[in-house]
Amino acid sequence: MVRRGAAAALTVTLLVAGCAAQQRGTAQQSGTAVPGVTGTTIKVGGVLTKTSASGYSTKDAEIGAKARFERANAEGGVHGRKIEFIGAEDDGQDAAKGDAAAKKLVQKDQVFALVPVHAPNFGGAAFLEQQGVPWFGWATGPQWCGTKTGFGYNGCLAPKQGAGSQTWWGRQMADLLGGAEGKTVYVQTSDSSGSKYGGTTISQSFSAAGFKLVGVNSGLPAAAPPPDWLPYVNKIMTSNGGKAPDVVVSVIAGTKFNVGLYSALKRAGYKGVLTDATSYDAAILKDPASAQALEGVIAAPMFEPFESTAPEIAQLKQDVEKVAPGMVPTQHLAIGYWAADIFLDMLNKTGKDLTREKFLAAGNGSYVYENAGFGKIQYPKDHSEPNGCGALVKLENGAFEVAKSMKCFDNVPLK
């Protein structure tokens with residue numbers, strides 16, 4: 001009787017403990033807990049450049065990711081699990097801080113994945129790859145490329161020689177200008193690794209579209225805008241056989257840089273086309289000086305513009321309004337949103353039996369996802385090349401308008 005009573009008590013104790021564990025929802029595979037995963041939740045956090053000496057900030061990506069996760073949660077989550085989004089760490093545009101932020105999220109906060117990662121000088125890539133932790137964001141630098149864990153929503157923008165390199169920017173611009181024959185282009189970058197890589201691939205994009213490349217300058221310091229733009233302007237204004245080029249492409253992260261460069265070019269009498277990847281920014285419209293400096297600029301976002309009538313963009317705006325009423329969507333917000341969207345799709349295709357290993361197997365096993373909001377992504381192919389999709393937006397009379405809706409083009413091998 002005593003033995004039976006003790007056994008019964010032990011059984012009850014074990015059942016209670018088991019129920020408690022089930023209520024906590026701790027997911028178990030082969031007796032080992034999956035970091036960041038319970039029976040009802042999946043924990044994620046991100047790394048952004050919220051503050052920097054140059055003034056460049058990607059903080060809005062946090063709102064974009066939150067908006068997409070909130071809709072997923074309202075719809076019941078993914079395979080019964082809701083996303084526990086703990087927000088994003090700030091790397092201050094410093095590689096060492098980015099590495100520390102990644103380690104904190106993985107080792108202390110125990111996240112399943114990093115979403116979004118939107119930091120030009122992100123330094124946590126090697127750690128995440130070594131640990132097998134997935135991460136999603138804007139793949140602007142070489143640290144994204146050639147990994148198994150880093151998933152850029154737009155693929156890899158810094159492919160190695162011989163790998164596929166984007167052509168969409170040059171081809172969209174050629175279509176907009178009625179052809180590239182006889183037209184010249186000059187590319188200005190900073191000395192950051194991401195900017196220089198971008199200068200190489202974007203130069204080839206315009207060359208592949210038929211433009212004549214007359215110069216690439218990567219001598220601009222990335223830390224802060226220079227006190228004197230004249231040396232850079234002089235090179236540009238004489239690059240085309242002593243004349244100005246038809247198109248100037250700025251591959252620089254930061255509105256302050258572009259405002260400085262474009263203002264100086266206009267003072268020097270430049271009448272050609274100015275284009276970059278970052279000036280599609282609603283904050284510009286609130287600053288008369290910036291709006292004037294960037295008037296006429298053609299920005300090149302790698303997603304469908306907010307001015308589009310596409311249903312996917314209407315859904316994005318609706319999702320954002322629920323978490324940040326009255327907020328005007330920005331490019332960084334869209335990057336966070338689409339990174340989260342791809343992460344959710346990959347979760348769904350992995351299935352309910354979730355581990356990082358199974359998630360990465362699904363993501364790297366002939367994964368294809370198309371969405372009119374950002375185009376098309378394919379893995380593992382896009383670990384080594386861009387997705388080849390993008391749009392053009394023009395700032396005219398103090399407002400943005402769609403110049404070319406998003407379109408995807410085939411890549412060409414990087415020379």
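Is strand 9 (residues 184-190) largely enclosed by the rest of the structure or left open, and how many of its residues are buried? I began my notebook with this question, and before answering I noted what kind of model I had open.

**Entry 1: the model**

I am looking at a predicted model, in which local features need pLDDT of at least 70 and side-chain atom pairs count only at pLDDT 80 or more, while totals for chains, interfaces and linings use all residues. Residues are numbered from 1 along each chain as its sequence is written, and side-chain values use heavy atoms, with hydrogens and water left out. I also noted that helices (H or I, at least four residues) and strands (E, at least two) are DSSP runs, numbered from the N terminus.

**Entry 2: strand 9**

I looked up burial, where buried means under 20% relative accessible area, exposed means over 50%, and partly exposed lies in between (1.4 Å probe, protein chains only). In strand 9, 7 of the 7 residues are buried, so the strand is largely enclosed by the rest of the structure. I then checked the two faces, remembering that in a regular strand the side chains alternate between the two faces of the sheet. On one side I found Thr184, Tyr186, Gln188 and Ser190, and on the other Val185, Val187 and Thr189, all of them buried, which leaves both faces covered.

Next I asked which strands pair with strand 9, where two strands pair if DSSP finds at least two bridges between them. Strand 9 runs parallel to strand 10 (residues 212-220) and is joined to it by 6 bridges, with Thr184 standing opposite Lys212. Strand 11 (residues 247-251) also runs parallel to strand 9, through 5 bridges, and here Val185 stands opposite Val247. I noted too that strand 9, helix 6 (residues 193-208) and strand 10 make a right-handed β-α-β unit; a crossover is right-handed if, with the strands pointing away from the viewer, the path from the first strand over the helix to the second runs clockwise.

**Entry 3: the sheet around it**

I followed the pairing outward and found an open sheet of 7 strands in the order 10-9-11-12-13-16-17, with mixed pairing. Strand 10 and strand 17 (399-408) stand at the edges with a single partner strand each, so one side of each is left without a neighbour in the sheet. Within the sheet, strand 12 (residues 273-276) and strand 13 (residues 298-299) run parallel and are joined by 2 bridges, and the bridge partner of Asp276 in strand 13 is Ala299. Helix 8 (residues 255-267) packs on the sheet, where it touches strand 9, strand 10, strand 11 and strand 12, and its direction makes about 170° with that of strand 12. For such values, axes are lines fitted to C-alpha atoms, for helices over the stretch in contact, and angles run from 0 to 180 degrees between N-to-C directions.

Towards the other edge, 7 bridges join strand 16 (389-396) to strand 17, and these two run antiparallel. Val393 stands opposite Val402 in strand 17, and in the hairpin of the two strands, which has 2 residues between them, Asn397 takes a positive phi near 55°.

**Entry 4: helix 2 against helix 11**

Which angle do helix 2 (residues 60-74) and helix 11 (residues 331-350) make where they pack? I read off about 40°, with the axes 6 Å apart. The residues that make the contact (heavy atoms within 4.5 Å) include Ala61, Ile63 and Phe69 of helix 2 and Leu333, Tyr337 and Phe343 of helix 11.

**Entry 5: Leu176**

I found Leu176 in helix 5 (residues 168-176), and at 31% relative accessibility it counts as partly exposed. Leaving aside neighbours within four places in sequence, Leu176 is in contact with Ile298, Leu392, Ala403 and Lys404.

**Entry 6: backbone details**

I listed two cis peptide bonds: one from Val115 to Pro116, with omega near -5°, and one joining Tyr379 and Pro380, with omega about 15°. Pro116 is found in strand 5 (residues 113-118), whereas Pro380 lies in the loop between strand 15 (375-379) and strand 16.

I also noted positive phi values in residues other than glycine, near 50° for His79 and near 60° for Gln110. His79 lies in the loop between helix 2 and strand 4 (82-90) and is partly exposed at 32%; Gln110 lies in the loop between helix 3 (95-108) and strand 5 and is partly exposed at 36%.
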